Amino acid sequence: MKSAGRKISKYISLIIIYTSLACPSIGQDLKFDPKGHPDQWNFELTPFLILPTISGEVQSERLSKDFGIGPGDFIESLHAAFMLDAEVSKGKFFASPAYIYTYNEVEKVYWTSENGNQTIQASPQLKKNIAELLAGMRFRLKNSIMLDPFVGFRYTSYHVLGSLVGIVNETELDEHADFWDPLIGFQAHYYPHSRIPVELKADIGGFGIGSELTWSVMFNSGYSLSPSVDLLAGFAALSNR
């Protein structure tokens with residue numbers, strides 16, 4: 001039997017809760033200046049927490065089954081996580097690296113006999129790494145509106161390992177799906193009030209160079225607790241094919 005997980009046709013991560021503490025504009029005057037003073041170097045460091053829904057497809061010669069990890073399962077099965085976003089900007093220039101790592105271990109029963117005595121089950125471990133680097137121009141259309149077109153790349157790695165326990169044998173799983181994708185996209189920032197950021201980010205890429213197609217979209221909003229700390233929540237989605 002080929003390893004289950006050999007064909008990983010699609011993964012989608014729906015980040016349904018995005019919370020962050022940002023520390024923007026280190027070195028600027030302590031006042032509420034959206035995205036920092038344009039004539040100074042501004043820095044943001046944002047640790048954050050995600051609660052995703054992960055879906056994909058595991059296939060082997062004998063098994064083809066969709067699987068999913070919902071938000072409740074994600075927290076229960078989470079063994080390790082590290083998530084960080086940063087930005088540096090001055091004038092019309094900005095650059096933003098980001099990194100996400102999660103490690104989950106779940107148990108899924110794919111088939112049970114009518115009498116319940118026989119089962120086929122898998123105990124997959126999912127390790128996900130996402131690294132991103134973006135750079136672009138920041139256009140301040142008004143004091144309250146900014147538009148950031150950008151280019152960059154995103155590395156996405158899914159590693160499925162564990163075991164598949166069948167009726168007569170047990171198969172080890174160890175499969176990778178890795179993508180190096182060029183990206184183009186934009187960010188839009190709107191401040192109805194200097195303490196209330198509203199942000200939209202979207203990108204598309206891959207173009208057959210890494211994955212056939214990748215895209216992501218993110219929306220968040222929140223409140224500036226101080227000139228150096230923001231609290232945000234929102235939604236994001238990421239797809240690779």
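Among contacts (heavy atoms within 4.5 Å) in the protein chain between residues at least 6 apart in sequence, 62% join residues at least 24 apart. This is a predicted model, in which local features need pLDDT of at least 70 and side-chain atom pairs count only at pLDDT 80 or more, while totals for chains, interfaces and linings use all residues. Residues are numbered from 1 along each chain as its sequence is written, and side-chain values use heavy atoms, with hydrogens and water left out.

The protein chain has one helix and 13 strands; helices (H or I, at least four residues) and strands (E, at least two) are DSSP runs numbered from the N terminus. In sequence order, the pattern is β-β-β-α-β-β-β-β-β-β-β-β-β-β.

Of the 241 residues in the protein chain, 44% are buried, that is, under 20% relative accessible area with a 1.4 Å probe, protein chains only. The largest nonpolar core consists of 10 residues, including Phe48, Met83 and Leu238. Such a core is a set of buried Ala, Val, Leu, Ile, Met, Phe, Trp, Tyr and Cys residues joined through side-chain atoms within 4.5 Å. In soluble globular proteins, nonpolar side chains tend to be buried together.

Asn42 belongs to strand 2 (residues 42–59) and counts as buried because its relative accessibility is 3%. The table gives two polar contacts of its side chain; a polar contact is a pair of N or O atoms within 3.5 Å, one able to donate a hydrogen and the other to accept it within protein, and residues adjacent in sequence count only if both atoms are side-chain atoms.

| Side chain | Partner | Distance |
|---|---|---|
| Asn42 | His37 backbone oxygen | 2.8 Å |
| Asn42 | Gln40 backbone oxygen | 2.8 Å |

Methods. Buried means under 20% relative accessible area, exposed over 50%, partly exposed in between (1.4 Å probe, protein chains only).
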